[in-house]
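Okay, thanks for squeezing me in. Let me put the structure up, and then I'll walk you through what caught my eye.

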Amino acid sequence: MSKLQELTDESLGDFLSAAPLVLVTFSAHWCGPCRASKPRLQKIATTSKIPMGIVYEDDLGEGIHYFNIKAFPTYVLYRDGQEVDRVEGADLEAVVALLANIQLEEPDAVELDHCSALSICATWYGSDLSKILSFGLDRT
């Protein structure tokens, strides 16, 4: 379990190479949806085995163009430092789905027990996908 790590332009490269899989949120301090979704993102980060970081556009300066960021927030999944998928906009359900898809590909990569802030429950038991107990929306 990890927390959402605050990144800078200096620490971003090290973060991308620190683990085989990482998720980076590209955000902006002035962005309303970014600020509104950050508490839920932090909750996801505490239940994820995948390290998650957040970097703000003013920390990256012109380097933001290197990452092809066109919207805030943008969530980018990296494998071995290379982008494999992204979610643009404050769609945290899509971020959870992205992490769940990684679970299908790499069963030991991520564990999502319960994320009540998103009302999504995903319980995974080891790498045997036949033992998946539930994955669905709990709107109660």
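One definition before I start: I'm calling something a salt bridge when a side-chain nitrogen of Lys or Arg sits within 4 Å of a carboxyl oxygen of Asp or Glu. With that cut-off, E88 does form a salt bridge with R86, since the closest N and O atoms are 3.6 Å apart. And please keep in mind that this is a predicted model.

Right, the overall layout. We've got four helices and eight strands in the protein chain. Going along the sequence, the order is β-α-β-α-β-α-β-β-α-β-β-β. There are 140 residues in the chain, and 43% of them are buried.

Back to the salt bridges. How many turn up in a search of the whole structure? Three. You've already met R86 with E88. R86 also meets E83, at 2.8 Å from N to O. That gives us a little network of salt bridges running through E83, R86 and E88. As for exposure, E83 comes out as partly exposed, with 38% relative accessibility, and E88 is also classed as partly exposed, at 44%.

Then there's the pair of K38 and E6, whose side chains come together in a salt bridge at 2.9 Å, N to O. That one links distant parts of the chain: K38 belongs to helix α2, residues 32-47, while E6 is in strand β1, residues 4-7, and the two are 32 residues apart.

Now for charges on the outside. D9, E10, D58 and D59 make up a negative surface patch. Two elements each give two or more residues to that patch, namely α1 (9-18) and α3 (57-60). Take D59: that residue is in helix α3 and is partly exposed, at 31% relative accessible area. Patch residues need over 30%, so D59 clears that particular bar.

Let's stay with α1 for a moment. Which residues of α1 are buried? L12, F15 and L16. They're on the same side of the helix, because the arc they cover around the axis is only 100°. The background is familiar: an α-helix has 3.6 residues a turn, so residues three or four places apart point the same way. On the face turned away from that buried side, α1 carries exposed residues, and those are E10, D14, S17 and A18. E10 is a name you've heard already, as one of the patch residues.

Next, some backbone details. Where's the cis peptide bond? Between F72 and P73, with omega at about -10°. P73 is in the loop between α3 and β4, the strand at 74-79. F72 also has a partner in space: P33 is 39 residues away in sequence, yet the C-alpha atoms are 7.9 Å apart. P33 is in helix α2, and P33 is partly exposed, with 45% relative accessible area.

The loop between α3 and β4 also holds N68. N68 isn't a glycine, but its phi is positive, near 55°. This residue is partly exposed, at 42% relative accessible area.

And D80 has a positive phi too, about 50°, again without being a glycine. You'll find D80 in the loop between β4 and β5, with β5 covering 82-88. So is D80 buried or exposed? Exposed, with a relative accessible area of 58%.

That's my tour. Happy to go back to any part of it.

Technical notes
Residues are numbered from 1 along each chain as its sequence is written. This is a predicted model: local features need pLDDT of at least 70, side-chain atom pairs count only at pLDDT 80 or more; totals for chains, interfaces and linings use all residues. Side-chain values use heavy atoms; hydrogens and water are left out. Patches are made of residues with over 30% relative accessible area and no salt bridge: like charges are joined within 9 Å, nonpolar side chains (Val, Leu, Ile, Met, Phe, Trp, Tyr) within 5 Å. Accessible areas come from the Shrake-Rupley method with a 1.4 Å probe; for residues, only the protein chains shown count as cover. Lys and Arg count as positive and Asp and Glu as negative; His and the chain ends are not counted. The place of a charge is taken as NZ of Lys, CZ of Arg, CG of Asp or CD of Glu. Buried means under 20% relative accessible area, exposed over 50%, partly exposed in between (1.4 Å probe, protein chains only). The arc is that of the directions from the helix axis to the C-beta atoms.
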